[in-house]
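Open the structure in your viewer and keep the selection panel at hand. The stops below run from one fold to its counterpart, then to the contact between the chains.

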Protein chains: 2
Amino acid sequence: VNVGLVGLGHIGGSLGLALRARGARVVGRDRDAAVAERARGLGIVDEVGEVGGADVVVLAVPVLAIPACAAELHIGGETVVTDVGSTKRSVVAGCEALFGGRFVGGHPMAGSERAGPEAADAKLFTGRRVLLTPTARTDARAVAAVTEMWRSVGAEVLALDAARHDRMIAAVSHLPHAVAYALVGALAGMADELRGLSGGGFVDTTRIASTPAPMWVDVFIDNRDMLLELIDRFSDRLGALRAAIAAGDAAELGRTIDEARRARAAILG
Amino acid sequence: VNVGLVGLGHIGGSLGLALRARGARVVGRDRDAAVAERARGLGIVDEVGEVGGADVVVLAVPVLAIPACAAELHIGGETVVTDVGSTKRSVVAGCEALFGGRFVGGHPMAGSERAGPEAADAKLFTGRRVLLTPTARTDARAVAAVTEMWRSVGAEVLALDAARHDRMIAAVSHLPHAVAYALVGALAGMADELRGLSGGGFVDTTRIASTPAPMWVDVFIDNRDMLLELIDRFSDRLGALRAAIAAGDAAELGRTIDEARRARAAILG
């Protein structure tokens, strides 16, 4: 299979390495020519060049850039197109307008705080879940090709509606990221005093606050309706917790903490 | 050395295992007789009984219970007393009133989401930091005995002022816990939909929301002045982030995210 990769950062680069290890031929490009050259040197792509003739083209660029980026690619009439963005409604709408049933939205749940082709990892998708968001318009052939591509690199594929995807991922990913950024930001002024005092709880809780900015700026803006609703729900909960702390209400605090423990266990399954 | 352990849960139990492995004799007790018996069966203590004659007594009970618990122990006039609580100002004040210079406040930074003597781990303190909060009244002999005890189980000991401790730990531990409880609580109503969709970011960010309630209820109440101030600072940051998201202000979001990344790197050193 011939795969075209657009965007050769951490996710695109990891997919390139994984696909080439499975025998696929990968042509790639990046808007930053230096990144593309480094990716070629790292073995992420066979060749830097035009991707439009590939069997499957994967758009691995920040979500707000996806439709405009896709429109410039001169993609052939038989090529299946997918993406790896963390939001799906706008991407699917924009790319269906360009490619009709040949586009399938995709989201590999395998991010990390790392960035750039040097962070690419051929095993990144092994055992991870990839969410696809086909619509009534999507060709079965396109879904099959994208599903097969992800399975070939060890991922498990699950299909769901784009709006449901965006709501679920706002809850388990976008809200935690927003909270982690605010948490670390709130402590920025104390950084000198705090250095070396932080334990495992702080490290884990804020790890996702180290993810790179460009991707997350797009995600927050693109999924803002779902995210703002959840930020408000979170703020209400924190306000209730604050009130119980201020009142020294041990019974209410105990209930709040027990409920959170149960909810986490339920979410993790 | 003879050590008396009061409270045989995860922290007390881990200290008992670690001290016995280093040759100390450990007598322990727990307000729950069944827990004490299980701890004896697990090798956490040599004996369940009165701790008042030990060289060092360690109070490993929830922070609001420490002074009252200590007052009931009939602790001898030569015995050094310390604790493992996550807040220090009130504990130090309460225990200095009882024991004068023989009390040294302590806080091993080695919590986990586990609980009970079955979770005890002889290696829990290896390479971890223990914060001690001696005052102008504290006997040098007491500081030396407690320091030696913690070093014997592999911990690194650092002394600081109790108020500074409470402010620093409110930032790196209590605030992250409060935020994690609120985050999971906000998603409690979506637990069925979210099951199985959560990735590593959610797991890490909310891990500390699985810590047991009784300890955290006490910590939140005891350190409420410092914690409420930080919750408010956090809420201000989240409010600013929310406004930038609502406005679709990519430049401001980029600055916020970059600042958070830098602050985290600075705090972690």
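In what order do the 6 strands of the open sheet in chain B lie? The order is β3-β2-β1-β4-β5-β6 (chain B), and the pairing is parallel. Keep in mind throughout that this is a predicted model.

**Stop 1: the sheet of chain B**

Select residues 47-48 and 103-104 of chain B. These are β3 and β6, the edge strands, and each pairs on one side only. Now add residues 80-83 of chain B. This is strand β5, which runs parallel to β6(B) and is joined to it by 2 bridges. Label T82(B) and look across to β6(B): V104(B) stands opposite.

**Stop 2: helices on that sheet**

Select residues 10-21 of chain B. This is helix α1, and it packs on the sheet. Helix α1 touches β1 (2-6), β2 (25-29) and β4 (56-59) of chain B. Its direction makes about 165° with that of β1(B).

Next, select residues 140-152 of chain B. Which strands does helix α5 lie across? They are β1, β4, β5 and β6 of chain B. Helix α5 runs at about 55° to β5(B).

**Stop 3: β7, β8 and β9 of chain B**

Select residues 106-108 of chain B, strand β7. Three partners in a row are worth showing here: β7, β8 and β9. Strand β7 runs antiparallel to β8(B), with 3 bridges between them. P108(B) has V130(B) as its bridge partner in β8(B).

Then select residues 156-159 of chain B, strand β9. Here the sense is parallel, and 4 bridges join β9 to β8(B). Label L132(B): its bridge partner in β9(B) is A159(B).

**Stop 4: over to chain A**

Hide chain B and show chain A. Its open sheet of 6 strands has the order β3-β2-β1-β4-β5-β6 (chain A), with parallel pairing. The edge strands are β3 (47-48) and β6 (103-104) of chain A, and each pairs on one side only.

Go to the β3 edge this time. Select residues 25-29 of chain A, strand β2. It pairs with β3(A) in the parallel sense over 2 bridges. Within that pairing, G28(A) has V48(A) as its bridge partner. Helix α1 (residues 10-21) of chain A packs on the sheet and touches β1 (2-6), β2 and β4 (56-59) of chain A. The angle between the directions of α1 and β1(A) is about 165°.

Now select residues 129-132 of chain A, strand β8. On one hand, β8 pairs with strand β7 (residues 106-108) of chain A in the antiparallel sense over 3 bridges. P108(A) and V130(A) are bridge partners there. On the other, 4 bridges join β8(A) to strand β9 (residues 156-159) of chain A, and these run parallel. R129(A) has E156(A) as its bridge partner in β9(A).

**Stop 5: a salt bridge within chain A**

Over all chains, the structure holds 32 salt bridges. Show the side chains of R89(A) and D166(A) for one of them: the closest N and O atoms are 2.7 Å apart. R89(A) lies in helix α4 (residues 89-99) and D166(A) in helix α6 (residues 162-186) of chain A, so the pair ties together parts that are 77 residues apart in sequence.

**Stop 6: both chains together**

Show both chains. A turn of 180° and a shift of 0.0 Å along the axis lay chain B on chain A with an RMSD of 0.0 Å. The two copies are thus related as by a two-fold rotation axis. Select T205(B) to find the axis: its C-alpha is the one in chain B nearest to it, at 1.9 Å. The same surface serves both copies, as 100% of the contact residues of chain B recur in chain A.

**Stop 7: the interface**

How many residues does each chain bring to the contact? The contact takes 81 from chain B and 81 from chain A. About 7800 Å² is buried between the chains, and carbon and sulfur atoms give 71% of that area. Select L197(B), R264(B) and I267(B). They supply 10% of the area that chain B buries against chain A, more than any other three residues.

Finish with the polar side. Between chain B and chain A there are 6 salt bridges. Label D232(B) and R242(A): they form a salt bridge, with the closest N and O atoms 2.7 Å apart. Across the interface, 22 residue pairs are in polar contact. Several elements of chain B supply at least two residues each to the side that touches chain A, including β8 (129-132), α6 (162-186) and α11 (250-268). The largest share of that side, 16 residues, comes from α10(B).

Definitions and conventions
Residues numbered from 1 in each chain as written. Chains lettered and ligands numbered in written order. Predicted model: local features only at pLDDT ≥ 70, side-chain atom pairs only at ≥ 80, totals over all residues. Heavy atoms only, no water. Pairing = 2+ DSSP bridges. Contact = heavy atoms within 4.5 Å. Axes fitted to C-alpha atoms, helices over the stretch in contact; angles between N-to-C directions. Least-squares fit on C-alpha atoms with pLDDT ≥ 70 in both. Buried area = accessible area lost by both parts, 1.4 Å probe. Salt bridge = Lys/Arg side-chain N within 4 Å of Asp/Glu carboxyl O. Polar contact = N/O pair within 3.5 Å; in protein donor to acceptor, adjacent residues only side chain to side chain.
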